[in-house]
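Welcome, and thanks for taking a look at this one. Here is a short briefing to help you find your way around.

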Amino acid sequence: MAHFNFAKDISEVVKMDGPMQGGPLMRWQRKAQETLLRVHPNDNGVSTPLKSKTRTPGKTVPSQACPAGSNPKTPKTPGGCKTPGGKNGEILSNGSRSGIKSKTPGNKTPGRQQDRFIPSRSTTDIEFGHYAVMRRTDEDPEGAPSEAGNINTEYQEQLKEAMEVKDCKILNFRGKAPQTSKPNLNSLHVLYSCGKVGSKQSTSSRVIPKEPERILDAPDLLDDYYLNLLDWSVGNILTVALGSAVFLWNADNGTITQLMELATTDDYVSSVSWVPESAVLAVGLSTGVVQLWDTDQQKLIRSMPGHASRVGSMSWNKHILSSGSRTGAIHHHDVRVANHHVATLQNHTQEVCGLRWSPDGRYLASGGNDNLINIWSNQMASSPPVYTLSDHQAAVKAMAWCPWKSYLLATGGGTADRNIRLWNVQSGASVGAYDTESQVCSILWSQEHKELISGHGYALNHLRIWKYPAMTKVVDLIGHRSRVLCMAMSPDGSTIASAAADETIRLWKCFAVEKQQAKKAEVKPDKKLTSGLNMCIR
């Protein structure tokens, strides 16, 4: 029976794990030998070759840092094995060699070092850790300190008190940040807001005065939404109808002239409209008569009856004057001939309160109290409209054609609608609708700045400038105490006159032309305007 010496057998097994004696060099040993063959600088900074450049065949290179019987290839050996080269020849625990550190100034190359801690799963109780985490979450869902965590609650309370500064917490770990009572504490809030992209309010580079340049009294101005009582001529003459009289205000010298007055106080002036490039003024009366006046001579040229009720809107297209009445009928008057009534347009069922010819004279747009918009052709015949638009939910008085796009029409609805709509009259399609939050009484285009200005009634009673085509608000002009009934633009396009129910006319210089462009403007025509139309009126 064989006898086993357990201690001796174990020692033999251990010896088998040690380095082989007399065998070929291992890979890590060859790497160490290559390190020793490199040039090693001395203390004086001069590189000298190491003495040991060859190895004896069949013998291993002794290691000064590895004790006898240890395995230098084992990666778990702390610190690894060091070669006789010291720090410059240090071998990591995985058998790789760190770079040689040079003492020469300016040529330092740091070597590789372990920079992380790898835990051992054999010494970690994963199940207990999971149990402790879940128990803490169930007992304190808000993250309060628990006994399992062994957190010093007294220290947490002191830290909490230290973070309290004038009733304002710097850090808050349990809830949301408290809302400040003063929303404008941040001084940069205004700059940030102005720099936002996509803001509803457009930023304008020019300065727009928010106060009127001049205020004129307009006593007895009729507070009637459906009438058009204000117009501005090319000769810089502003005309306004006050009750039964018509007054002219010269914007150059400020003189006021009464043009005419009706004989009876029961009748009143319901609309006024200047002939383009002429000193002739068309006056619509409550009796259904249209009069033509020469403002230079203050003389009545012609009276054209025909309507059965008051004439609330008028518009010129060269020698053709179109007038709309309360009955819904639109008459075309050719002022060159004795039989002036050449055509009648009938499609509105209620009063026509908006009437505008397009700049190129191809289309006539009419808006009525029946919430309809009719687009008519320029054929002087009694024909149906080209398009009938019914998107507005209230009376349509505000109408204006775009001066640089003759097919684009802007319209505004009354109190029940409050929208500005853009139309393409070539196709009859709606380009866009924009809520103004108030009754729209009038609209004008500014060709210089590519903008619109709208006059509003209930309940804002102000003027608003819009940037086209985004239709973002530029500025609100506030001053009138009652609804704005009518608006007119000066011949140079820089000033807007607004007449309101508070019996005032305010002049707003909101479309001022820059100085460089003003020099290129044409010379203002003479006030004594004459044209071939004056000679043809019979």
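Let's begin with a facing pair: L216 stands opposite I505 in strand 32. Please keep in mind that this is a predicted model. From that pair we can move out to the sheet around it, and then visit a hairpin and a helix.

**The open sheet**
- Strand 5 and strand 32 (residues 504-508) are joined by four bridges and pair in the antiparallel sense.
- They belong to an open sheet of four strands, ordered 5-32-31-30, with antiparallel pairing.
- Strand 5 (214-217) and strand 30 (484-489) each have a single partner strand, so these two stand at the edges and one side of each is left without a neighbour in the sheet.
- From one strand to the next, the twist averages 20 degrees.

**The hairpin of strands 14 and 15**
- Strand 14 (residues 311-317) and strand 15 (residues 320-325) run antiparallel and are joined by six bridges.
- Within this pairing, S315 of strand 14 stands opposite S322 in strand 15.
- Two residues lie between the strands of this hairpin, where K318 takes a positive phi near 60 degrees.
- Is strand 14 mostly covered or mostly open? Strand 14 is mostly covered, as seven of its seven residues are buried.

**Helix 2**
- In helix 2 (residues 27-36), the buried residues are W28, Q29, A32, Q33, T35 and L36.
- These buried residues lie on the same side of helix 2, because they cover an arc of only 155 degrees around the axis.

Terms used
Residues numbered from 1 in each chain as written. Predicted model: local features only at pLDDT ≥ 70, side-chain atom pairs only at ≥ 80, totals over all residues. Heavy atoms only, no water. Buried < 20%, exposed > 50% of the residue type's maximum accessible area, 1.4 Å probe, protein only. Arc of directions from axis to C-beta. Pairing = 2+ DSSP bridges. Axes fitted to C-alpha atoms, helices over the stretch in contact; angles between N-to-C directions.
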